[in-house]
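Colleague: Could you take me closely through one helix of this model and its surroundings, setting out what encloses it and what follows it in the chain?

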Amino acid sequence: MASIPCTLHLTFSSSRPNFSSSCSVKLNSCFMGVSKLKSIGWCRPSGLGPNCGSRTICWFNFRQNAETAGVYGSQSRDDFDRDDVEQYFNYMGMLAVEGTYDKMEALLSQNIHPVDILLLMASTEGDLPKIEELLRAGADYTVKDADGRTALDRAANDEVKDFIVNYKAQKA
């Protein structure tokens, strides 16, 4: 779980704070390498003080989608490694089906880049969101597995094939 460093700006109109329903706290953060503070949300304190603990209800509005916020789709080809292959292999239940890591190890032993191995596996599973993420990262759908099959050859169905071909056509 990620944490976001925030700066709380509390403004009181008197020497004794009065947290009425109209009082709010502005949250600012230097987030994702931005050098100036940006407003990211607001809070309404609810019962701050030593008697009841410090509780705050916060709402955040990052004003970005996951891709532009650097959460999804911002990885490059070299950001993927052997661990990502193993995690995806387990996540998709391939270990349960195969019973061993033999197929995964065979792909890894061929000196195929991990992002291309992930594309081969995602294509076999028909995992379109993962395929899109991998293609954005620079995965090569023409790389062949041990049997000489590409991601297109291993595609679970025609929808997956069309998605890969059309994605590459859009990028060209």
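**A helix and its surroundings**

Modeller: In this predicted model, seven of the ten residues of α5 are buried, so this helix is largely enclosed by the rest of the structure. The buried residues are L128, K130, I131, E133, L134, L135 and A137, and they pack against α1, α4 and α7, the last of these spanning residues 158-171.

Two of these partners also meet one another. The axes of α1 (residues 82-91) and α4 (residues 114-125) come within 8 Å and cross at roughly 15°; with angles under 35 degrees counted as roughly parallel, the two helices are therefore roughly parallel to each other, and α1 passes α4 in a left-handed crossing. On the α1 side the contact is made by R82, D84, V85, Y88 and F89, which meet P114, I117, L118, M121, A122 and E125 of α4. By class, this contact has eight nonpolar and three charged residues, with no polar ones.

Beyond its end, α5 is followed by G138, whose phi is positive, near 105°. The loop between α5 (128-137) and α6 (151-154) also holds V143, which counts as buried because its relative accessibility is 17%, where the cut-off for buried is under 20%. Leaving aside neighbours within four places in sequence, V143 is in contact with I112, D116, L120, R149, T150 and A151. Of these contacts, L120 lies 23 residues from V143 in sequence, while the C-alpha to C-alpha separation in space is 8.4 Å.

Key:
Residues are numbered from 1 along each chain as its sequence is written. This is a predicted model: local features need pLDDT of at least 70, side-chain atom pairs count only at pLDDT 80 or more; totals for chains, interfaces and linings use all residues. Side-chain values use heavy atoms; hydrogens and water are left out. Axes are lines fitted to C-alpha atoms, for helices over the stretch in contact, and angles run from 0 to 180 degrees between N-to-C directions. Helices (H or I, at least four residues) and strands (E, at least two) are DSSP runs, numbered from the N terminus. Angles under 35 degrees count as roughly parallel, over 145 as roughly antiparallel, 65 to 115 as roughly perpendicular and the rest as oblique. A crossing is left-handed if the near helix is turned anticlockwise from the far one by less than a right angle, and right-handed if clockwise. Contact means heavy atoms within 4.5 Å. Ala, Val, Leu, Ile, Met, Phe, Trp, Tyr, Cys and Pro count as nonpolar, Asp, Glu, Lys and Arg as charged, and the others, Gly among them, as polar. Buried means under 20% relative accessible area, exposed over 50%, partly exposed in between (1.4 Å probe, protein chains only).
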